[in-house]
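Reader: I'm new to this one and would like a close look at a single part. Could you walk me through the core and what surrounds it?

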Amino acid sequence: MVKNIKLIAVVFLVVLSFFILLKGLNKTNNYSPNLNSSNIDFNFKAKFLYSNEETTLYKLINDKDFSLINIWASWCLPCRDEHPYLLNLNSLGKLNIIGINYKDSEVNAKKFIKELGNPYSKIIVDPSGVNSIELGAYGVPETILINNKSKTILKKYIGPLDDKKLTELKMIIKNEN
Amino acid sequence: MKIKILVLTIFYLIGSFNISYAANSEKVDQISKNLRCLICQGQSVYDSQSDFALSMKILIQNKIDEGKNDEQIYDFLKSKYGDWIVYDPEINKNTVLLWVLPLILFVFGGILIFRKISIK
């Protein structure tokens with residue numbers, strides 16, 4: 001009887017750990033907090049790239065339906081790749097694209113915009129990276145879609161935009177309207 | 001002899017500089033040791049030199065300067081990045097298994113040993 005219990009216990013533990021590990025295999029390694037729990041503080045202060053004025057994120061969100069916050073830097077190569085997608089999204093006219101220039105030099109940032117075009121309605125700078133952490137970001141590039149009226153995060157992309165994400169973004173904007 | 005004094009003075013200056021530097025950020029060190037660096041998993045924010053971790057340390061220093069206590073800083077970061085960022089997760093319905101399972105295994109093992117002994 002005692003032997004049976006032991007055997008059952010061992011088998012149970014092996015099966016249990018097998019399934020736990022199996023489940024872990026399918027999980028992505030990139031951990032991202034769920035959207036509901038990450039609330040944005042719209043009141044953090046930051047300076048504009050093209051002027052020395054201080055502003056808050058709250059002031060930058062305008063009367064359009066959606067805002068797209070994009071964190072970028074001139075030294076970030078994937079940002080270069082995703083830039084055409086931002087220009088494309090800007091041409092839709094439905095988005096207010098806000099750029100956050102992450103840990104960059106002013107000269108290089110301006111050169112980047114001059115060279116590749118400016119999809120942003122406003123660009124604010126984040127020289128120490130602190131503002132990006134206030135947004136719950138990991139690094140560059142990162143893109144956050146916000147509903148301007150409800151001030152909620154609709155979608156968050158870690159890493160550069162691509163064709164798939166672009167279609168998805170367009171779908172979300174279409175469906176929310 | 002003069003060189004000896006000079007060298008000793010330099011060492012002393014370097015030493016005192018390090019001490020004052022450490023004293024400034026001791027609190028930051030203490031907090032950042034409990035935080036997981038999210039983009040360089042396996043390291044704490046304290047250990048990491050990634051952009052993310054460096055910014056995090058500046059942010060922690062800012063929050064301390066604002067007069068926030070440890071608890072408030074952890075809560076702030078948890079609200080941004082989730083429970084995962086702290087190495088010491090609190091007990092809630094998602095983590096209850098994590099906390100209770102070792103206890104169950106311990107009791108179960110205890111019972112096994114107890115039975116074995118009493119049979120003998």
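Author: Here is a walk through the core, then the contact between the chains, then one loop residue. Keep in mind that this is a predicted model.

Let's start with the largest nonpolar core, which has 41 residues. The members that touch the most others in it are A:Leu68, A:Ile69, A:Ile97 and B:Met56. Both chains feed this core: from chain A, two or more residues each come from β3 (66–72), α3 (77–91), β4 (95–102), β5 (122–126) and β6 (142–147), while chain B does likewise with α1 (2–32), α2 (51–65) and α3 (70–81).

Now zoom in on A:Ile69. Setting aside neighbours within four places in sequence, A:Ile69 is in contact with A:Ile98, A:Ile100, A:Leu135, A:Ile144 and A:Ile146.

Next, the place where the chains meet. Here 17 residues of chain B are in contact with 15 residues of chain A. On the chain B side, α2, α3 and α4 (96–119) each give two or more residues, and α2(B) has the largest share, with eight. Sorted by class, that side of chain B has 10 nonpolar, four polar and three charged residues.

Finally, have a look at B:Tyr87, in the loop between α3 and α4 of chain B. B:Tyr87 counts as exposed because it has 10 C-beta neighbours inside 10 Å, and the cut-off for exposed is 12 or fewer. Beyond its neighbours within four places in sequence, B:Tyr87 is in contact with B:Asn34 and B:Arg36. Its C-alpha atom is 11 Å from that of B:Gly42, a residue 45 places away along the chain.

Note on methods. Residues are numbered from 1 along each chain as its sequence is written. Chains are lettered from A and ligands numbered from 1 in the order in which they are written. This is a predicted model: local features need pLDDT of at least 70, side-chain atom pairs count only at pLDDT 80 or more; totals for chains, interfaces and linings use all residues. A nonpolar core is a set of buried Ala, Val, Leu, Ile, Met, Phe, Trp, Tyr and Cys residues joined through C-beta atoms within 7 Å. A residue is buried if 20 or more other C-beta atoms lie within 10 Å of its own, exposed if 12 or fewer, and partly exposed in between; C-beta atoms are placed from the backbone. Helices (H or I, at least four residues) and strands (E, at least two) are DSSP runs, numbered from the N terminus. Two residues are in contact if their C-beta atoms, placed from the backbone, lie within 7 Å. Ala, Val, Leu, Ile, Met, Phe, Trp, Tyr, Cys and Pro count as nonpolar, Asp, Glu, Lys and Arg as charged, and the others, Gly among them, as polar.
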